[in-house]
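Subject: Structure handover

Hello,

I am passing a structure on to you, since you will be working with it from here. Please open it before you read the notes below.

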Amino acid sequence: MEKRVTFKGMWLPLLLVLPQMLITAVFFFYPAGQAVWQSLFIPDPFGLSMQWVGLGNFEFLLSDPYYRASFATTAVFSILVTVVSMGVALYLAVLADRLIKGSGTYRTLLIWPYAVAPAVAGVLWLFMFNTRVGVVTWYLGQLGYDWNHVLNEGEAMGLVVVASSWGRVSYNFLFFLAGLQAIPKSVIEAAAIDGARFWMRFRTIVFPLLSPTTFFLLVVNIVYAFFETFGVIHTITSGGPQQATTILVYKVYADGFVGQDLGSSAAQSVILLLIVSVLTVIQFKFIERRVHY
Amino acid sequence: MKLQTSMMAFAAIAATAGMAAAQTEIQFWHAFTGANGDRLVGQAEAFNASQSDYKVTPSHKGNYSETLNAGIAAFRAGEQPHMLMVFEVGTATMMAAKGAIEPVHKVMAEAGIDWDPDIYIGSVKGYYTTTNGEMLSMPYNSSTPVLWVNRNKFEEVGLDPDMDLSTWQKVDVALTQLKDAGADCPLVTAWQSWIHLENFSAYHDVPFATKENGFGGTDTELAFNSEAQVAHISKMGEWAKDGKFIYTGRRNEGGANFRAGECALFTESSAGYGGISTEAEFDFDIRPLPYWEGVGNAPQNTIIGGASLWVMAGHDPEEYKGVAEYLKFLSSPEVQAKWHQDSGYLPITAEASELTRSQGFYDSNPGTDVAVIQMTAKEPTANSKGLRLGSFDQIRGIIDEELEGVWAGDKTAQEALDSAVERGNALLRRFEQSAR
């Protein structure tokens, strides 16, 4: 069944992977190596001198209770963003999949938010929820709810999660819809004839058959929540109130570019790199086993 | 390799172009946009038109943090400008970078320019001067916090808008009356750390940090968790709880509320004048920043915020001569007086202030001299010269976080300030190590 293409020598295949290897080396291994090297020093911002501190930067970070707390914040934030953006996307995809007329229009409209840059999305949501002039804040006020994400930690977290998930729903929706349409209609019809209702069919047939897509999105969304939500956090809360929305990647920025503390910033990048590697390995090792291809 | 050749070619073209014009170009990287950006460019154009040896080229590099980062990155790449605008909290970072900067006093002396550092107002100059009296950077835009009063709001609730608001004790009474009369927003602030801790400490003549607020060395420790500051923050926490003080954010978000006429009192920089005078559709007053009667030596003087111009190392003496000429031009009374009157920033020389007064500007724009008087009424002490702390932008972030804990009612003022001091000290120790 399986098709296998084999090359005769080893030069041609090497040549073919070379561009990819080069790009990885220049844009990934080199900067990552630099980060590891820099994390062992306390440099002055102008690069005039460097103090060798060994693992001092890591010691400094890990002994800081606020840095340790930001792991928990990052975990809560990433899980919420992943669950919200995937959950909503799956729901919309299932609905759109059942459409007979006008599905093209729905699809196009649902994909739009993906084209909005995270920082811009942040500003949009910030305007709606601005504590003084926001439209949503005003309506909530009419209902007797006093919205103040500037001081309320839960509200601040909720707002950055929604703003980060919003654009992501479109992306996930696309993949879920494609996944749903790839499921053979015959399987579903057979189940329907056997008397399985919609929910039963979804739980026992559709969802398991969708698992490769779900797994892929899980990995991609967690990486997104870890690294690419910076713009949203920066524009909406700057990590506050107190440290309620200071996720790891935001702290890398704050220490490196606001504090000019490149040693600590590099050490944090290394820690972040390790976490994401471990997460990805875990996902491939344990969750992928339960995926049906 | 190819990049290098093309860059060399570019440099060669640039050099010949420069020779053709027979002018020495002076690069000036700044952080100003809008009206003040235009005024800054206007100054450079006036200078360029006034002589033919030098040409100052201003380039906008983003906000204060971005401009500083651009300057640092450029220095690392050997492409630094001649002059870099750095905000006051970046002062310690620049000072510690000994090989990256040329002190202004040295640039002036080597250029052989007749220049007297004593023409600058003490509390402005002090911020950028070493303890041995050597001026390191040229003050450019300086402001200080004042109290803005919405007179209409006072009248609405039946209070006399001319009431005495010189002390926090009196403001406290006013806030209670405003609140009881149904005002939604009695007091709002911008830049909480700058106004309610840094300036508060200087104004009451209590230390913000040890070693003369960091002027005496990088082994300084934060000291703003003493009785005076704790009492003030604690009172503000009570006001926040009672709805008398409305917290709107870490920067100057509160300005929108005040300009819209929602708030009665606003503690904000004197440089807020431009925005408030154009947008406010109500009568407003500028009053001196209030102080607590009987605390410390209040009122001492307040300190400045804003930016100064640093001369970067690694250029030709001929170019530094141009820089020196430009800095002298910027300090002249006419240029300074115009800058002060147009932008709302403080005049950096006493002469410029005198000129402004003699032109009748303060009479036709009442309140615009409040900040000048507040800064210059007394000779600055060790506690009111300014602050020189490393990683200070980040320390302000920590202070913001801790103060939010107080406004939300999660922490007492003492707990929050103790914690801010402890966390800030850890950063100061790292800075001390990097500057060694």
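The notes below go through chain A, then the contact between the chains, then chain B.

Please keep in mind that this is a predicted model.

Chain A: annotation

An unreviewed UniProt entry lists residues 71-283 of chain A as "domain: ABC transmembrane type-1". In the model, that stretch of chain A is 77% helix and 0% strand. The C-alpha atoms at the two ends of residues 71-283 are 19 Å apart.

The "transmembrane region" annotation, also from an unreviewed UniProt entry, covers residues 12-30, 71-96, 108-128, 205-227 and 266-287 of chain A. Two of these segments can be described further. Residues 71-96 of chain A are 100% helix and 0% strand, with end C-alpha atoms 37 Å apart. For residues 205-227 of chain A the figures are 96% helix and 0% strand, and the end C-alpha atoms are 34 Å apart.

Chain A: a helix pair

Helix α5 (residues 118-129) of chain A packs on helix α7 (residues 153-181) of chain A at an angle of about 135°, and their axes are 9 Å apart. The two helices, α5(A) and α7(A), are therefore oblique to each other. The crossing in which α5(A) passes α7(A) is right-handed. On the α5(A) side, the contact is made by Pro118(A), Ala121(A), Gly122(A), Trp125(A) and Phe129(A). On the α7(A) side, Leu159(A), Val162(A), Ala163(A), Trp166(A) and Gly167(A) take part. By class, the residues of this contact are 8 nonpolar, 2 polar and no charged.

Chain A: backbone details

Most residues other than glycine have a negative phi, and most peptide bonds are trans. Two places in chain A depart from this pattern. The peptide bond from Gly240(A) to Pro241(A) is cis, with omega near -5°. Pro241(A) sits in the loop between α11 (230-236) and α12 of chain A. Gln260(A), a residue other than glycine, has a positive phi, near 55°. The loop that holds Gln260(A) runs between α12 and α13 (262-287) of chain A.

Contact between the chains

How many residues does each chain bring to the contact? Chain A gives 24 residues and chain B gives 32 residues. On the side of chain A that touches chain B, the elements that give two or more residues are β1 (41-43) and α12 (248-258) of chain A. Of these, α12(A) gives the most, with 3 residues. The residues on this side of chain A divide into 12 nonpolar, 9 polar and 3 charged.

Chain B: domains

The domain assignment splits chain B into domain 1 (2-143 + 304-364) and domain 2 (145-302 + 390-434). The C-alpha centres of domain 1 and domain 2 of chain B lie 30 Å apart. Where they meet, 14 residues of domain 1 of chain B are in contact with 14 residues of domain 2 of chain B. Helix α4 (residues 91-96) of chain B gives the most to the domain 1 side of this contact, with 3 residues. That side of domain 1 of chain B has 6 nonpolar, 8 polar and no charged residues.

Chain B: helix pairs

Helix α11 (residues 227-241) of chain B takes part in two packings described here. In one of them, the axes of α11(B) and helix α19 (residues 392-407) of chain B come within 8 Å and cross at roughly 50°. This makes α11(B) and α19(B) oblique to each other. Ile233(B), Gly237(B) and Ala240(B) in α11(B) meet Leu403(B), Val406(B) and Trp407(B) in α19(B). The residues of this contact are 5 nonpolar, 1 polar and no charged.

In the other packing, the axes of helix α9 (residues 192-203) of chain B and α11(B) come within 10 Å and cross at roughly 145°. The crossing of α9(B) and α11(B) is right-handed. From α9(B), His196(B), Leu197(B), Phe200(B) and Ser201(B) meet Gln229(B), His232(B), Ile233(B) and Met236(B) of α11(B). This contact has 4 nonpolar, 4 polar and no charged residues. Ile233(B) is listed in the contact with α19(B) and also in the contact with α9(B).

Chain B: a cis bond

A cis peptide bond joins Ala298(B) and Pro299(B), with omega about -5°. Pro299(B) lies in the loop between β10 (284-287) and β11 (305-312) of chain B.

Regards

Note on methods: Residues are numbered from 1 along each chain as its sequence is written. Chains are lettered from A and ligands numbered from 1 in the order in which they are written. This is a predicted model: local features need pLDDT of at least 70, side-chain atom pairs count only at pLDDT 80 or more; totals for chains, interfaces and linings use all residues. UniProt positions are given in the numbering used here, feature names are shortened, and annotations may be inferred rather than shown by experiment. Helices (H or I, at least four residues) and strands (E, at least two) are DSSP runs, numbered from the N terminus. Two residues are in contact if their C-beta atoms, placed from the backbone, lie within 7 Å. Ala, Val, Leu, Ile, Met, Phe, Trp, Tyr, Cys and Pro count as nonpolar, Asp, Glu, Lys and Arg as charged, and the others, Gly among them, as polar. Domain bounds come from an automatic or database domain assignment. Axes are lines fitted to C-alpha atoms, for helices over the stretch in contact, and angles run from 0 to 180 degrees between N-to-C directions. Angles under 35 degrees count as roughly parallel, over 145 as roughly antiparallel, 65 to 115 as roughly perpendicular and the rest as oblique. A crossing is left-handed if the near helix is turned anticlockwise from the far one by less than a right angle, and right-handed if clockwise.
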